[in-house]
Structures are given as structure tokens and as C-alpha cells.
Amino acid sequence: MREPPREWHIDEPQARRTQPIAVLAASAAGVFQPIKNMLRISCPHCGIRDEVEFAFGGPSHVTRPAFEVSDAEWADYLFNRENPKGIHYERWQHAYGCGRWFNAARDTVTHEILAVYRMGDPKPVLPGAPRGRAP
Amino acid sequence: MTKPGAFRVDGAGVNRNRPLRFRFDGRPLTGYAGDSLASALLANGVRTVGRSFKFHRPRGVYACGIEEPNALLQLGTGARAIPSARATVVELTEGLEAFSQSGWPSVQTDAGRMLDFTAPLWAAGFYNKTFIWPNWHTYEGLVRRMAGLGRAPVEPDPDRYEIRNLHCDVLVIGGGAAGLREASAASEAGGRVVLVEQASELGGRSAWDGSAIEGTPGSKWAKLLTERLERAPDVRILRRTTAVGYYDRDVVALLESVPVHEGPDGSGPMQRKRHLSTPRERYWIVRANRVVLATGAIEQPLIFCNNDRPGIVLAGAAHQYLRCYAVAVGRRVLVATNNDSAYATACGLKEAGVDVLAIADSRHEVPREQADEMRRQSIPVLPGSIPVDTSGFSALSGVSVGRLSRDSTSVDSVQHFRCDALAISGGWCPALHLYSQAGGKLVYREQSRALEPVATHPIITLAGSVAGERDDARTSAQSKAPAQHPSSAQPMGIRISPVGSTLRQWVDLRHDVTVSDLELAIRENYASVEHVKRYTTVGMSVDQGKTSNVAAIEIIARLRRMKPSDLGHTTLRPPYTPVTLGAIVGRGTGERFSPSRLLPMHSWHVAHGALFEDYGEWRRPVAYLRGSESRHAGIVREARAVRGAAGLFDGSPLGKIEVHGPDALEFLDHFYINNLATLKPGRARYGLMLRESGVIFDDGTIVMLAPDRYLITTTSGNAGRVAAWLEEWHQCEWPQLRVAIMPVTDQWATVSLAGPRAREILSKLATDIDLSGAAFPHLGMREGRLLGEPARIYRVSFTGELTYEINVPAGCGQSLWDAILDAGTPVGLQPLGIEALLLMRLEKGFLHVGSDTDGTTVPDDVGWGKVASAKSADFIGKRSLYLPENARSDRLQLVGLAGEGGADIVVGSHLRLAGSNEVTDGWVTSAGRAVLSAEPIALAVLRAGRRQIGAQVSVHDAGKVTRARVVNPPFFDPSGDRMNA
């Protein structure tokens with residue numbers, strides 16, 4: 001890889017997080033607690049913002065095939081997507097904020113955002129992701 | 001006719017010093033300040049206020065709140081008319097005009113009533129089974145008129161609506177005793193509290209039912225707490241506000257009805273006068289950390305034969321009309337109940353001097369406390385009794401009460417009462433709609449004969465009667481009857497009469513659904529409560545089954561021989577009460593529907609007669625019309641000026657994106673079908689951009705400003721989308737490429753000077769740029785100074801003429817525009833609008849993405865296939881071009897058409913080739929008349945069009961057929977000498 005010139009800053013985070021950034025909110029008392037009560041999204045770059053600031057970008061972790069693949073493989077990449085009931089890994093853009101794309105793991109049953117993580121990070125492991133409301 | 005105000009009794013609640021005149025179906029009536037429309041109608045003895053949906057039976061006021069199924073009235077006339085207003089929640093105002101919504105010739109004497117005598121024909125599913133030939137629309141108009149749905153105004157809504165967001169710690173929904181207590185506690189704990197009450201005053205039932213709370217009369221207690229909350233910091237009280245929906249992730253929507261201005265003494269609403277800035281309604285979107293539902297309970301009816309006559313009212317409503325409005329629902333009243341709550345109604349009516357004939361209780365054992373109280377009041381109690389039938393033609397005149405057998409499955413004897421009102425109570429069902437919308441689960445409980453919550457919710461707390469809890473702090477003082485609760489210790493009596501024709505037992509008054517309809521649905525094998533609901537429409541009307549859902553569950557369960565708790569219930573969907581569309585839209589109407597973008601030279605265009613139209617977000621001049629010139633004549637004049645001398649065009653919306661960085665060229669090369677590797681500094685190249693599917697997304701030029709600085713232009717409409725597209729691919733697919741993407745459309749004014757005399761005109765302006773054709777050829781770019789300001793000038797042409805596309809900082813646009821006009825006007829320069837420009841590009845056969853392309857067009861379809869296949873590097877969409885569909889030889893291809901016979905060619909006309917068997921062989925995508933010769937010309941997509949050059953096609957436009965010859969564009973200056981000059 002070429003050495004970037006000095007004036008070109010590449011946002012390669014010094015310590016790339018391997019753990020997903022938990023969806024956190026600061027309460028009035030300054031105590032951090034999970035956001036559970038509303039569709040707000042934690043931008044990994046800006047923090048908690050209202051959902052209306054974001055644009056949805058479809059499933060994440062879709063690999064763009066090389067030119068040489070078969071017609072069927074290319075068509076699969078173009079048209080077929082997972083539609084799970086449960087955890088969906090997807091891309092969002094903080095369109096009316098920093099403009100940055102990032103990944104989120106969302107429960108398609110409850111719309112709860114279980115994790116947000118940077119573009120390029122691997123899928124986080126989410127043990128026992130909740131389904132529906134706790135009784 | 002009844003004497004005005006004949007049903008008004010002594011008591012508080014209305015301001016008798018402030019009479020208000022109003023009209024019902026044109027008849028002048030009088031009520032008092034403090035009345036609701038329903039209470040004022042009842043006070044005047046108006047019994048029939050509407051006609052039922054199917055059978056046109058007369059219907060009267062039935063409830064006292066939002067659950068009202070019958071008294072839906074049309075309010076006002078003209079643009080401010082409101083259809084289907086629930087009279088029970090409309091505050092009476094001076095001059096109010098209300099109309100019944102069905103009935104011909106009038107609601108009192110309705111010829112449609114004959115339908116009632118053929119009722120057996122009109123069972124559930126009747127429409128689906130009958131109105132099928134030739135189709136439903138044949139009957140729709142008549143059926144809708146007969147149903148009496150109210151009339152929406154056709155004029156634009158003159159009122160304003162507001163949408164507001166609200167964040168708080170605790171949202172308390174319901175301002176009754178429980179809500180007041182919860183709001184006070186939350187406020188004392190230091191949180192931001194919002195308290196919502198649908199009525200105009202807080203306190204709910206406790207303010208009028210005579211009970212005592214914490215040793216204080218309820219009304220006084222409510223007043224004290226209200227005053228305390230009003231003084232507390234961080235407490236917002238929203239009156240006349242209904243929580244209408246509980247949405248995903250705990251967003252709650254509220255609808256606030258903003259009252260018209262109060263009188264100077266606060267004595268009541270004045271004439272409908274509204275300051276311009278005051279909205280009629282506010283739609284609040286609330287996000288709270290905790291939601292308290294103190295929404296109370298809704299009284300359920302008893303069900304028996306002819307249980308729908310005017311004069312039959314819910315017992316709680318009868319009590320409320322008495323206490324809150326000093327209105328008696330009748331002179332001779334019979335009370336029927338299956339629980340304790342109606343005893344208070346009986347006492348109240350008796351104390352107000354109304355003749356209470358008896359109280360029929362479907363329980364075989366009446367609690368001693370109630371029995372004793374009735375004895376003191378001299379009201380006969382009929383234990384183990386339920387109404388089985390009623391009589392009367394237009395209003396109630398008598399009730400038959402059946403003495404139930406020991407097991408309540410039959411009737412042993414029947415007793416008749418002559419009365420003008422029947423107050424019924426089938427128990428109370430908690431108003432759990434919001435809880436259910438939030439994902440909470442409900443179950444039917446035998447004990448309370450109601451739906452109750454089964455689980456806790458992380459955000460929601462239930463308080464008061466909605467929780468089914470008995471409030472020990474609250475005891476009755478005045479009437480000595482206990483406060484009403486959905487679940488009291490004693491089991492409820494039966495709710496549905498075991499005898500009588502089910503054809504005449506109404507479950508859903510609004511939609512005219514009877515027990516027999518439910519029976520039919522079960523006979524026809526509908527099993528799920530959701531399916532029965534849809535087949536019979538029970539609970540589907542504007543009241544959403546607030547007084548019918550629970551009874552329907554009981555009946556369906558009985559018919560299916562199962563327990564109601566096993567049947568489940570229908571989904572309770574938002575909105576809880578009907579919401580005005582205007583409130584959802586808010587202020588985003590008319591000019592505010594979407595923001596307009598204005599050109600840097602907008603005010604000049606306005607001052608010089610520009611005819612404006614919207615092109616995407618932009619307001620752009622179509623043409624600058626002179627005197628009485630027509631639109632078409634203006635466009636042609638401007639185009640001829642360009643062809644003959646020169647024209648000046650404000651092209652500022654042209655999308656401009658700068659891409660900087662060491663990897664900028666490699667990055668951009670991923671997006672264009674054109675090879676960019678050979679681009680030189682100071683040169684521009686036309687390029688096509690594809691979606692990954694191979695479909696053309698956008699076109700424009702790529703200009704190399706320097707080896708690490710590029711400027712790309714996009715179509716005006718796609719400027720934002722292309723910038724977002726580049727960002728998405730950069731961040732998600734090629735983050736290692738060192739580039740920065742900067743949309744700069746608004747930073748630059750773009751002025752296009754085109755025409756054979758363009759160079760001559762521009763040379764008169766002070767500049768350090770050599771404009772000669774040799775030094776600055778077509779597709780060149782020069783940076784320098786023009787009139788002392790920094791400028792970028794491109795030689796790109798959309799008109800086919802010698803063109804300088806001059807970009808200066810947006811703030812310098814006007815002075816440049818003026819200077820060029822000053823220099824050029826003497827030699828024939830004219831400003832031109834966008835239509836002349838588009839006409840000239842049609843002549844040149846240049847592609848207009850979005851007009852000549854659609855969601856299927858790939859590069860080869862528009863003649864760019866060779867360029868795409870010649871590029872060896874991968875680019876977005878390349879692989880898709882090799883899919884079989886995109887390589888077919890019979891695809892639609894862009895060609896030119898030369899009209900024959902002189903008739904206009906119309907965009908959208910379909911083309912047929914001689915001998916074709918296809919329905920269509922293509923269509924016209926752009927059309928006009930050549931600027932100088934006025935010959936009709938067009939661009940079109942035609943099946944395998946490039947093989948048809950020279951062929952004749954028929955052009956079909958809405959029945960008119962003309963002919964055209966297929967040609968190769970361009971239609972003008974094919975050599976390009978003028979453009980390259």
C-alpha cells in the first residue's frame with residue numbers, strides 16, 4: 001500500500017474496535033443506560049441521534065463478486081437478499097449528520113438496534129438476542 | 001315537539017347565565033356554555049340524531065365520550081365542515097351548526113327505514129355476495145350515500161395544523177384521579193412530566209361522581225392537585241388532547257384540539273375566531289422514558305332484542321349527563337345492569353327528581369349494600385333480570401324485562417315497563433388500546449367480563465381502573481355507591497339476553513352488526529375472531545368497537561362452544577380515535593410541501609418576465625416571454641436567437657461535485673463506462689454512470705482540474721443522488737482509496753453563453769483566459785479571472801453551438817450575467833429558458849437521462865455499447881451488461897424520427913413497424929419541431945431500432961395515427977462544426 005501523503009488523513013481508527021459499540025445513552029444523571037424505549041440510533045461517530053437523521057442502506061456484509069462470476073452468481077448478488085425474522089445486519093448512513101456509513105444489528109421483530117459497528121468490522125456475536133418483549 | 005330545554009334538571013356543570021344558540025338540521029336550539037353538543041341535544045329532547053348504517057333505524061345519543069357509536073354529526077359548512085364528529089366530545093359553541101349524516105327526506109322520517117323491514121336479506125357478507133355484477137363500483141355510490149358517512153369538504157382546508165416533538169421522563173396519559181396522582185408523584189420525583197387529558201378539565205370521573213379521595217370530595221381533590229401541577233416546574237399539561245397511537249420503539253402520538261379563543265373573562269369559547277397563527281390541532285410526537293396509562297375504562301352494553309332504540313344509553317353516560325351537564329336522559333327511566341356501577345346512576349337520577357322505575361340486575365344475588373341503598377331510595381330491585389326486548393318506533397317507549405332462570409339460560413317470566421329511557425351497564429372494559437398497540441398482551445377474564453393485561457411492559461405502567469385495580473383510597477361519599485371498577489370482587493351477571501331474535505340484537509351499533517351476523521359467520525366456517533370481524537365488520541367502524549368488541553368475543557366463543565379467554569381478541573390498532581389528515585400533514589402543504597431552490601439570478605429572472613416552472617426542487621425559467629407572446633413562440637424565438645447570434649442561460653442547478661485525492665482518478669474510473677485513464681489536465685470528457693444492474697443512472701462530464709483534483713457534473717435532478725452514490729461506494733466498498741467528495745453545486749453560478757457570436761461577446765469582458773479556438777478548444781477547461789473574479793470556463797455544449805459554460809462564485813453570478821448581457825445585447829444576445837435549451841439538444845440528438853432513458857436502458861440501447869465494451873477495467877454495472885437480457889438483439893434502441901405530413905409528434909406516442917405483430921414496437925421519448933425549419937422531429941426508443949434506419953413507422957397518439965421515418969440523429973449540424981468552432 002502506498003504511503004499516504006501527509007495532507008491526506010485516512011480515517012483508519014487507531015484502535016479498531018473488535019467489540020461492537022453498545023447502544024448507549026446518557027441519562028440526565030450522567031449514568032449510562034441502554035436505550036430501549038425509542039427508535040434512536042447511536043452513530044459510531046456522533047453518538048445517539050434520532051432515527052430521522054439516518055438513511056437505511058439495506059443488508060450489510062454483501063460481498064461484491066468479481067467480474068468473472070457466472071450469470072447466476074451475479075444475479076444472486078444483484079437481486080437476492082436475506083429477510084430474517086430476528087437479527088438483521090444492515091447498513092445505515094448518518095445522512096443528516098456526519099454523513100458516515102456504519103453497520104447495525106437490528107432485531108426485525110422489535111426493531112431494537114442491538115449493536116452498531118463500523119464499516120468493515122466483522123459481524124458482532126450477539127448471544128441470546130432478545131425476541132419480543134420481556135414478560 | 002318537545003319544549004326547549006325540557007330535559008334540563010337542577011344542578012351544576014353548565015353556565016346558565018351564558019345561553020348558546022345552535023342549530024341541528026336547521027332547527028334552532030339553545031344550550032349553555034359548558035354543554036357538549038350531545039348534552040345540548042339531549043337537553044332539548046332530541047332523540048334521533050342519526051340513522052343506522054344498513055337498516056336506517058333511528059339512533060340516539062348512546063354514550064358520553066369518545067366511544068360514541070351513534071351521534072356522529074356533520075359540523076359546519078364549507079371549507080371548515082367536519083364530517084362524523086362525535087357529538088359527545090364536541091364543545092357547544094355559539095352558532096354551531098350540526099347536521100345528521102343520513103336519512104331522506106330527514107333523519108326523523110327516513111324512507112330508507114323500509115330497509116329495516118327487509119333486514120333478513122342484509123346479513124353479513126351481503127355486499128360481497130350480491131353487488132358483484134358487473135362490479136362493485138356500479139353500486140358503490142348509492143351504497144355509500146345510504147350508509148351516511150358524512151361529507152368531507154371539497155375546498156382546501158383553511159386551518160393550520162402543527163406537528164411538534166416532545167421529550168420527557170414520564171408521560172401520563174389520562175387526567176383522572178389515577179393520572180393526577182401519578183403525575184404528581186413523577187413531578188415530585190423531579191422528572192419532566194407531560195400529563196394528557198382528552199377532556200377540557202382534569203379530574204375525570206372523580207370530578208363529578210360524588211366520590212371522596214383521601215377524605216376530600218373528589219372535585220376539590222382534583223382541583224388541588226391540578227393547581228399544584230400547574231405550578232410545578234417541568235410539568236406540561238395538555239388538555240383536549242388524546243393519545244391516538246403507540247408506535248414502534250415507544251413513540252406516542254397525541255392529538256391536541258386547540259380551542260378557539262376564550263372569552264375575555266375565560267367564560268367560554270367565543271365566536272369561531274382564530275388568530276392566523278393559532279393551529280386548529282397539534283400533533284405531538286412524544287418520546288418518554290416511562291409511559292403511565294391512566295386511560296380508565298369504557299362501559300360495555302347489555303345485549304337484547306331491539307337494544308338500539310334512541311333512549312337506550314349507557315348507565316355511566318346517563319350519570320355523567322346528569323352530573324356534568326344537568327341533563328336527564330329521560331323522564332321515566334329504567335336501569336339495567338350486570339354489576340354495581342349502575343346503582344349510582346339510579347340514585348343520581350332519583351335524587352334529581354327523575355322517575356326511576358326499577359333497576360334490573362342480571363346477577364341473582366344483589367350485594368346487600370346496593371339493595372339497602374335502593375330500598376332507601378324506594379327504587380325496586382329486580383335481581384336475576386335482564387331486558388329481553390324493547391318497543392317504540394322512532395324512540396323508546398317500553399322495555400320488557402325477563403326474569404332469568406336459575407342458570408341464566410332462559411327466561412321464566414316477563415315484566416313490561418313503559419319508559420322513555422333505559423340506562424344499561426354491562427360492566428367496564430379497561431381502555432388498554434395503547435397497551436395493546438405497544439405489544440402488550442390481553443386476555444378475557446370471566447370475573448370482569450373484560451379484556452385485561454397479562455404481562456408487564458418495560459416502559460408502560462398501568463394506573464387506576466385501566467389496571468383493573470380497586471382503589472381503596474377512594475370511597476363514595478355522596479351517593480354511597482362504590483366507585484365504578486372493571487373488576488369488583490363479585491362476579492358479573494350475564495351480559496347477553498338468552499332469549500329473543502338474534503336478528504334484532506345489535507352488537508355493533510355503528511356498523512349495524514347483529515348477533516345473527518356473527519352466527520352466520522360461524523355457520524360459514526369463519527373461526528378466528530379476526531376473520532369474523534372482517535366478514536361481519538363488527539368493531540371496524542370509526543369507534544373501532546369500543547362498545548362492541550368484548551360482547552362479540554363472548555358471542556363468538558359461545559357459538560364455537562369455547563371459553564372466551566381461549567378465543568383471543570382482535571388487534572387494537574392505532575389510531576385510538578379518528579385523526580384529521582391535516583394534523584398528520586402539519587404545515588407541509590402548498591408551498592411548504594417541499595422546499596424550492598432558487599437560482600442565483602432568481603430576482604433578475606422574475607424582473608424580466610420569466611415564466612417559472614418546477615424542475616425537481618428548482619424553480620427555473622421556462623422562457624422569458626415578451627408582451628403577449630405565447631409559451632411556444634417564446635421558446636422558438638429564444639432558440640432562434642441562439643442559432644442566429646447568441647443566448648445566455650442560467651444553468652446553475654447543473655450538478656457539480658469535486659473529487660480530490662491521490663486516488664481520485666482510480667476512484668472515478670469505477671463509476672464511468674468511459675475510459676478516464678487517458679484524460680488530460682484542462683480537458684473534459686462526457687461520461688455515463690450506471691447502476692450495478694447496468695441501467696443508466698446519470699450522465700455528465702468529468703473534468704481534470706489537476707491530476708489529483710477532478711470536477712464531475714451531473715444532471716440537475718441527480719446532483720444529490722450522485723454525491724451520495726459516490727460516498728456510499730467510497731465508504732462501504734473502497735474505503736482504502738484516498739479521496740474526498742465535495743458537492744459544490746450551490747457554490748458556483750453557472751452561466752452558459754452559446755451561439756455563433758459567443759466568443760465575440762465574451763471577448764469584450766476583461767479576462768486573462770485565451771478564448772481563441774486554437775488555445776481553448778471544445779471539451780477544454782480553463783481556470784482564470786473574469787471581471788476580476790475567479791472563474792472556471794468549460795467548452796461543453798448542449799445546444800450544438802459554440803458554448804462557454806462559465807462558472808463563477810455564486811455571489812458573482814449576477815454581475816457576470818449583467819456584464820454579458822450588456823456586451824451581447826447589441827449583437828442579438830437573448831436570455832433563454834430551459835425549454836429552448838432542451839429543444840436545441842433534441843435537434844442535436846443528445847441524450848436526456850430520465851426522458852430518453854428509463855429503468856431498463858443500458859448503454860448499448862443509446863449507442864454507447866462500444867465505449868462500454870472497449871473499457872478493460874471493471875466499473876459499476878459492467879458485469880450486468882453481459883447478462884443475457886442486456887445482450888438481446890431486439891432491445892429498444894434510441895433512434896431519431898422525422899415526422900411526415902407536418903403533424904406534431906407527441907411524447908409518449910407508440911410506434912408500430914410495418915407488418916409488426918407486436919402491440920407496440922417502441923415509443924416517443926422526446927419531441928418538438930426543428931428550430932429553423934419547424935419540421936417535426938423526435939427521439940424514440942424502437943425495437944432493434946438501429947436496424948430500422950430509413951424505415952417508416954406509424955405513430956399512435958390517443959387514436960390519431962401519423963407517420964414518421966426512422967433516422968439517425970442529429971437533426972442539426974451533423975459534422976459538429978458549429979460546436980467545435
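In this predicted model, B:Trp725 is a good place to start: with a relative accessible area of 10%, B:Trp725 is buried. Its ring is paired with that of B:Phe697, the centres lying 5.4 Å apart and the planes at 70°, so the pair is edge-to-face. The two partners come from distant parts of the chain, 28 residues apart. B:Phe697 belongs to strand E38 (residues 696-706) of chain B, whereas B:Trp725 belongs to helix H18 (residues 719-732) of chain B. B:Phe697 is likewise a buried residue, its relative accessible area being 6%.

This contact is part of a wider arrangement. Ring pairs join B:Phe697 and B:Trp725 with B:Phe667, B:Phe671, B:Trp729 and B:Trp734 in a cluster. B:Phe697 also has a charged neighbour, as the charged end of B:Arg691 sits over its ring, 3.8 Å from the centre. A similar arrangement can be found elsewhere in chain B, where the ring of B:Phe972 has the charged end of B:Arg643 over it, 3.8 Å from the ring centre.

Helix H18 of chain B deserves a closer look. H18(B) is made up of 14 residues and spans 20 Å from its first C-alpha to its last, close to the 20 Å expected at 1.5 Å a residue. Of those 14 residues, 10 are buried, so the helix is largely enclosed by the rest of the structure. Among the buried residues of H18(B) are B:Trp725 and B:Trp729, both also members of the ring cluster. The buried set further includes B:Ala719, B:Val722, B:Ala723 and B:Leu726, together with B:Glu728, B:His730, B:Gln731 and B:Cys732.

Looking over all chains, the count of aromatic pairs comes to 17. One of them is formed by B:Tyr526 and B:Tyr535, whose ring centres are 4.2 Å apart and whose planes meet at 20°, so the pair is stacked. The two tyrosines fall into separate classes of accessibility: B:Tyr526 is partly exposed, at a relative accessible area of 28%, while B:Tyr535, at 12%, counts as buried.

Attention turns next to empty space inside the model. Across the whole structure, a search identifies 10 cavities of 30 Å³ or more. The volume of the largest cavity is about 120 Å³. This cavity is lined by 14 residues, and the closest to its centre are B:Cys429, B:Pro430, B:His433, B:Leu451 and B:Val550. Two elements of chain B, strand E25 (428-430) and helix H12 (549-559), each contribute at least two residues to the lining of the largest cavity. Sorted by class, that lining contains eight nonpolar, five polar and one charged residues.

The backbone of chain B has several features that reward inspection. A cis peptide bond connects B:Pro574 to B:Pro575, with omega at about 0°. B:Pro575 is placed in the loop between helix H13 (564-567) and helix H14 (581-585) of chain B. Another proline pair, B:Pro969 and B:Pro970, is also joined by a cis peptide bond, here with omega near 5°. In this case, B:Pro970 is in the loop that runs between strand E51 (960-967) and helix H23 (977-980) of chain B.

Positive phi values occur at residues other than glycine as well. B:Ala326 has a phi near 55°, and this residue is found in the loop between helix H6 (315-325) and strand E18 (332-337) of chain B. B:Ala326 is buried, with a relative accessible area of 0%. For B:Asp512, which is not a glycine either, phi is positive at about 55°. The loop that holds B:Asp512 lies between strand E30 (506-508) and strand E31 (513-514) of chain B. At 0% relative accessibility, B:Asp512 also counts as buried.

Chain A completes the description. Its secondary structure consists of one helix and eight strands, which follow the pattern β-β-β-β-β-α-β-β-β when read along the sequence. Chain A has 135 residues, of which 37% count as buried.

How values were computed: Residues numbered from 1 in each chain as written. Chains lettered and ligands numbered in written order. Predicted model: local features only at pLDDT ≥ 70, side-chain atom pairs only at ≥ 80, totals over all residues. Heavy atoms only, no water. Phe/Tyr/Trp six-rings, centres within 6.5 Å; stacked < 30°, edge-to-face > 60°. Buried < 20%, exposed > 50% of the residue type's maximum accessible area, 1.4 Å probe, protein only. Helix = DSSP H or I, 4+ residues; strand = E, 2+ residues; numbered from the N terminus. Lys NZ or Arg CZ within 6 Å of the ring centre and 35° of its normal. Expected span 1.5 Å × (residues − 1). 1 Å grid on protein atoms, 1.4 Å probe; cavity = no way out; pocket = protein on both sides within 12 Å on 5 of 7 lines; lining within 4 Å. Points joined across faces, edges and corners; volume = space filled by probe spheres on them. Nonpolar A, V, L, I, M, F, W, Y, C, P; charged D, E, K, R; others polar.
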